[in-house]
Amino acid sequence: MEKVSTDKAPAAAGPYSQAIKDGGLIYASGQIPVDPATGKVPEDIRDQARQALQNLKNVIEASGSSMSDVLKVTVYITDMAAFPEVNAVYGEFFSEPYPARSCIGASALPKGVKIEIDAVSRLR
């Protein structure tokens, strides 16, 4: 088991790793829409989705993989009515064959954000 970390995504805010590599897989922790350079969170759900996915992409790439190697994604959102907007942004980061995905409505997320995204990827 190997810890992965990058300054291109928010630092872990507790006792967890940004990602773990093990057995040819990468387990990326949930990424929230915090800009790692400024610490700011955008207001709009589309901008939050884009920042969370960019953070996830940066962790996946720091692990030695790419978004095209992502096998499974879980999206947590606080307003399921925003799913179409999130889905449109999601399509900017993934292409066919799309990873398997779950979307879960959450009553609250860390730092009051509207979205959090985690993933499992294979190592190249």
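This report describes the overall fold of one protein and then looks at three of its loop residues.

**Overall fold**

The model is predicted. The protein has two helices and six strands. Along the sequence these elements follow the pattern β-β-β-α-β-α-β-β. The radius of gyration is 13 Å, close to the 14 Å that the globule rule gives for 124 residues, so the protein is as compact as a globular protein of that length. The C-alpha trace spans about 35 × 30 × 25 Å along its principal axes.

Buried residues account for 43% of the 124 residues. Contacts often link distant parts of the sequence. Among those between residues at least 6 apart, 69% join residues at least 24 apart.

The accessible surface comes to about 6,500 Å². Carbon and sulfur atoms hold 51% of that surface. As for charge, there are 13 positive and 15 negative side chains. The centres of the two sets lie 3 Å apart.

**Three loop residues**

The table places each residue between its flanking elements.

| Residue | Element before the loop | Element after the loop |
|---|---|---|
| Thr6 | strand 1 (2-4) | strand 2 (19-22) |
| Pro97 | helix 2 (83-90) | strand 5 (100-105) |
| Lys111 | strand 5 | strand 6 (115-122) |

**Thr6**

Is Thr6 buried or exposed? Its relative accessibility is 17%, and buried means under 20%. Thr6 therefore counts as buried. The side chain of Thr6 reaches the backbone nitrogen of Lys8 at 3.1 Å. What else does Thr6 touch, leaving aside neighbours within four places in sequence? Thr6 is in contact with Gln18, Asn58, Val59 and Ala62. Thus a residue in the loop between strand 1 and strand 2 has contacts with residues at positions such as Asn58 and Ala62.

**Pro97**

Pro97 sits in the loop between helix 2 and strand 5. The peptide bond leading into Pro97 comes from Glu96. That bond is cis, with omega near -10 degrees.

**Lys111**

Lys111 belongs to the loop between strand 5 and strand 6. Its phi is near 60 degrees. That is a positive value in a residue other than glycine. Is Lys111 buried or exposed? At 66% relative accessibility, Lys111 counts as exposed, because exposed means over 50%.

**In brief**

Thr6 is a buried loop residue, whereas Lys111 is an exposed one. Pro97 follows a cis peptide bond.

Key. Residues are numbered from 1 along each chain as its sequence is written. This is a predicted model: local features need pLDDT of at least 70, side-chain atom pairs count only at pLDDT 80 or more; totals for chains, interfaces and linings use all residues. Side-chain values use heavy atoms; hydrogens and water are left out. Helices (H or I, at least four residues) and strands (E, at least two) are DSSP runs, numbered from the N terminus. Buried means under 20% relative accessible area, exposed over 50%, partly exposed in between (1.4 Å probe, protein chains only). A polar contact is a pair of N or O atoms within 3.5 Å; within protein, one must be able to donate a hydrogen and the other to accept it, and residues adjacent in sequence count only if both atoms are side-chain atoms. Contact means heavy atoms within 4.5 Å. The radius of gyration is taken over C-alpha atoms; the globule rule is 2.2 Å times the number of residues to the power 0.38. Accessible areas come from the Shrake-Rupley method with a 1.4 Å probe; for residues, only the protein chains shown count as cover. Lys and Arg count as positive and Asp and Glu as negative; His and the chain ends are not counted. The place of a charge is taken as NZ of Lys, CZ of Arg, CG of Asp or CD of Glu.
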